[in-house]
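Me: I am new to this structure and would like a close look at a single part. Could you walk me through the place where the two chains meet?

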Amino acid sequence: MKTIHLQEIILITLIGIIFGFIYIASDTIYNILTLVLTPIGYGPLANDLTMGIWCMAGPLAGFLIKKPGAAFLGEFLSSCIETFIMAEWGIANLISGFMQGIGNELGFALTGYRYYNTFTLFLSATTTAIVTYLYDFFKNGYNYFSTFNIWFYFLTRWSSMVLFSCLFVKLIINLLEKAHVINQD
Amino acid sequence: MNPSLKLILILIISLEISFKPNLWANLILIGGALIYLIFHHLSWREFLLILFFPLLGAIAIFSALYFFAPDHNLIYAWTLFTRLYVFVFLGACLTLTTTAGKLARSLEQNLHLPSKFTYGCLAALNLLPKMKAEVIRIHYAAQMRGTSLSFWSPRLYFKATLVALAWAENINQGMLAHGYRENASRSIIKPILLTKKDWLLFLGVLILVQPILFIL
């Protein structure tokens, strides 16, 4: 089993810091979306719309380091940083980060940590959407919504996840691959 | 209370209330957390921030469940409204009374997390203000060349990642040069105690919360 070394832990934490800032910046987008959507009864949808932005650190770390646990650590550590810099959501950040990390890692685990391509990212985005949705289903009371809305919220979250933590992350990775900083074996 | 135990306690309670809707338990937990915070000199500014931050999200969930969900359940809507506040108050009990450094040391000493995680994270965390400055610098540097790198531009993240790669290598070499070895046993400069009192408090609070959560 390939273990993670000190340099990789430092790198994962630094990526967590970069995305920690993005997460805090995107809190503003989340707040504006909530303000717009609440009067029509879709306030919690802001969470699903922005979910993909909050799950970008994991896949990027998983792609850069290519070892078991990297994706989980990337996502979880950035949520820790977010919690300690500015606790808008308090400990919920940490738990959500944990769930997101498990979701991210699951996608990479399903490929046996052997294939690193767009499909891996798509798989990771899908598993993250499922895992985080199951948790929010109870935490945010989605189980009380109408059947239409339960599916609507899920599909919104999945789309956001594919757009940001699959396609957008792939664009960043393409640039990194062109610069030959990702080992491609 | 020992930082690791505090973290575990808060995580257990938060997970429990995520799955168990109980309005009274939420209110009692918020009250308990508030008393704990007041004992730890919670300032007015911090208190108002805690009240203000989750308000928007809480109102969104409340209105979606009360006005727009099929069965207009008022109690459930309030339960989820207060649930967000439980998360934020419990979170504040950790973040306002413990520093990230102390928590990391406690995780290493008390829960035997490998030291590479503690020192790796702490070394990187020291660069937090520098990383912030670096992202802003990348942004301005691009503007000087007539291109705008917004938060939606992959190039911004690409450049920031390149910086992270270079810094990670530098810190790693610096730590090796100062004699840090991943698997070597380490002496402890700042011991973090895990006493019987900590365990009693931990178990006491945990046992006390269960009947409040499941019977009340």
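Reply: Here is a walk along the interface of chain B and chain A, with a little background on each chain.

A few ground rules help: this is a predicted model, in which local features need pLDDT of at least 70, side-chain atom pairs count only at pLDDT 80 or more, and totals for chains, interfaces and linings use all residues. Residues are numbered from 1 along each chain as its sequence is written, chains are lettered from A and ligands numbered from 1 in the order in which they are written, and side-chain values use heavy atoms, with hydrogens and water left out.

Let's start with the contact itself. On the side of chain B, 66 residues are in contact with 61 residues of chain A (contact means heavy atoms within 4.5 Å). Between them the two chains bury about 5500 Å², and 83% of that lies on carbon and sulfur atoms; buried area is the accessible area, taken with a 1.4 Å probe, that two parts lose on being put together, summed over both. In chain B, the residues that lose the most area to chain A are F53(B), L56(B) and Y157(B), together 11% of what that side buries.

Which elements of chain B take part? Those giving two or more residues to the side that touches chain A are α1 (3-19), α4 (55-66), α5 (74-95), α6 (100-111), α7 (115-125), α8 (128-144) and α9 (154-177). Helices here are DSSP runs of H or I with at least four residues, strands are runs of E with at least two, and both are numbered from the N terminus. The most comes from α9(B), with 15 residues.

By class, this side of chain B has 46 nonpolar, 13 polar and 7 charged residues. In this scheme Ala, Val, Leu, Ile, Met, Phe, Trp, Tyr, Cys and Pro count as nonpolar, Asp, Glu, Lys and Arg as charged, and the others, Gly among them, as polar.

How many salt bridges join chain B and chain A? The count is 0, where a salt bridge is a side-chain nitrogen of Lys or Arg within 4 Å of a carboxyl oxygen of Asp or Glu. Over all chains, the count comes to 5. One example is R157(A) with D48(A), whose closest N and O atoms are 2.8 Å apart. This pair links distant parts of the chain, 109 residues apart: R157(A) is in helix α7 (residues 147-178) of chain A and D48(A) in helix α2 (residues 45-54) of chain A.

Finally, a wider view of chain B: it is divided into domain 1 (3-103 + 193-214) and domain 2 (115-177), with bounds from an automatic or database domain assignment. Their centres, taken over C-alpha atoms, are separated by 34 Å.
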